[in-house]
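Hi,

Here is the model I said I would pass on. Have a look at it first, and my notes come right after.

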Amino acid sequence: MKTYTYRTIIEPDEKGYHGFVPLLRGVHTVGDTIEETKENLEEAIRCHLEGLAKDGIIPPQEKDAIEVI
């Protein structure tokens, strides 16, 4: 199994923390603590990648990303 690494962002919000993966559209989660949010992100990323694999789609990689702020 191939290993992928993704940049994640965790921000405080009104109910705890919100985490997301900029390169993987739709991968968002929340948690009461930063650690819980990290765990939830790992699961969300894994599920997203499994779905892409099932559909025969090659997952995007950070080296292919261009970030404009």
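Below is what I found, going from the overall fold down to single residues.

First, the ground rules. This is a predicted model, so local features need pLDDT of at least 70 and side-chain atom pairs count only at pLDDT 80 or more, while totals for chains, interfaces and linings use all residues. Residues are numbered from 1 along each chain as its sequence is written, and side-chain values use heavy atoms, with hydrogens and water left out.

On confidence: pLDDT is the predictor's own confidence in each residue, on a scale from 0 to 100. The protein has a mean of 92, and 94% of its residues reach 70 or more. Among the elements, β2 has the highest mean pLDDT at 98 and β1 the lowest at 96.

**Overall fold**

The protein has one helix and three strands, which follow the pattern β-β-β-α along the sequence. Both kinds of element are DSSP runs numbered from the N terminus: helices are H or I with at least four residues, strands are E with at least two. The C-alpha atoms fill a box of roughly 35 × 30 × 20 Å along the principal axes. Of the 69 residues, 22% are buried (buried is under 20% relative accessible area, exposed over 50%, partly exposed in between, with a 1.4 Å probe and protein chains only). Among contacts with a separation of 6 or more, 30% come from residues 24 or more positions apart (a contact being heavy atoms within 4.5 Å).

**The sheet**

Three strands make an open sheet in the order β1-β2-β3, with antiparallel pairing (strands pair if DSSP finds at least two bridges between them). The edges are β1 and β3, each of which pairs on one side only. Ignoring direction, neighbouring strands are turned by 25 degrees against each other on average (axes are lines fitted to C-alpha atoms, for helices over the stretch in contact, and angles run from 0 to 180 degrees between N-to-C directions).

Strands β1 (residues 9-13) and β2 (residues 16-20) are joined by five bridges and form a hairpin with two residues between them. Across this pair, E11 has H18 as its bridge partner, and P12 stands opposite Y17.

On to the other side of β2: four bridges link β2 to β3 (residues 28-31), again antiparallel. Here G19 stands opposite T29, and H18 is the bridge partner of V30.

The side chains of β3 alternate: T29 and G31 point to one face and are buried, whereas H28 and V30 point to the other and are not. T29 counts as buried because its relative accessibility is 15%. Leaving out residues up to four places away in sequence, T29 touches Y17, H18, G19, T37, N40 and L41.

**The helix and the core**

Where does helix α1 pack? Helix α1 (residues 34-54) sits on the sheet and touches β1, β2 and β3, with its direction at about 150 degrees to that of β3.

The largest nonpolar core has eight residues: Y6, V21, L24, V27, L41, I45, L49 and L52. Such a core is a set of buried Ala, Val, Leu, Ile, Met, Phe, Trp, Tyr and Cys residues joined through side-chain atoms within 4.5 Å. With residues up to four places away left out, I45 touches Y6, T8, V21, L24 and V27.

Two other helix residues, for when you are turning the model around. K38 lies in α1 and is partly exposed, because its relative accessibility is 40%; K38 and G51 are 13 residues apart in sequence and 20 Å apart in space, C-alpha to C-alpha. C47 is also in α1 and counts as partly exposed because its relative accessible area is 46%. C47 and V27 are 20 residues apart in sequence, with 9.4 Å between their C-alpha atoms.

**The aromatic pair**

A search of the whole structure turns up one aromatic pair. Y4 and Y6 are stacked, at 6.2 Å centre to centre and 20 degrees between the planes. Rings of Phe, Tyr and Trp (its six-membered ring) pair if their centres lie within 6.5 Å; planes under 30 degrees apart count as stacked, over 60 as edge-to-face and the rest as tilted. Y6 is buried because its relative accessible area is 11%, while Y4 is partly exposed because its relative accessibility is 26%.

Cheers
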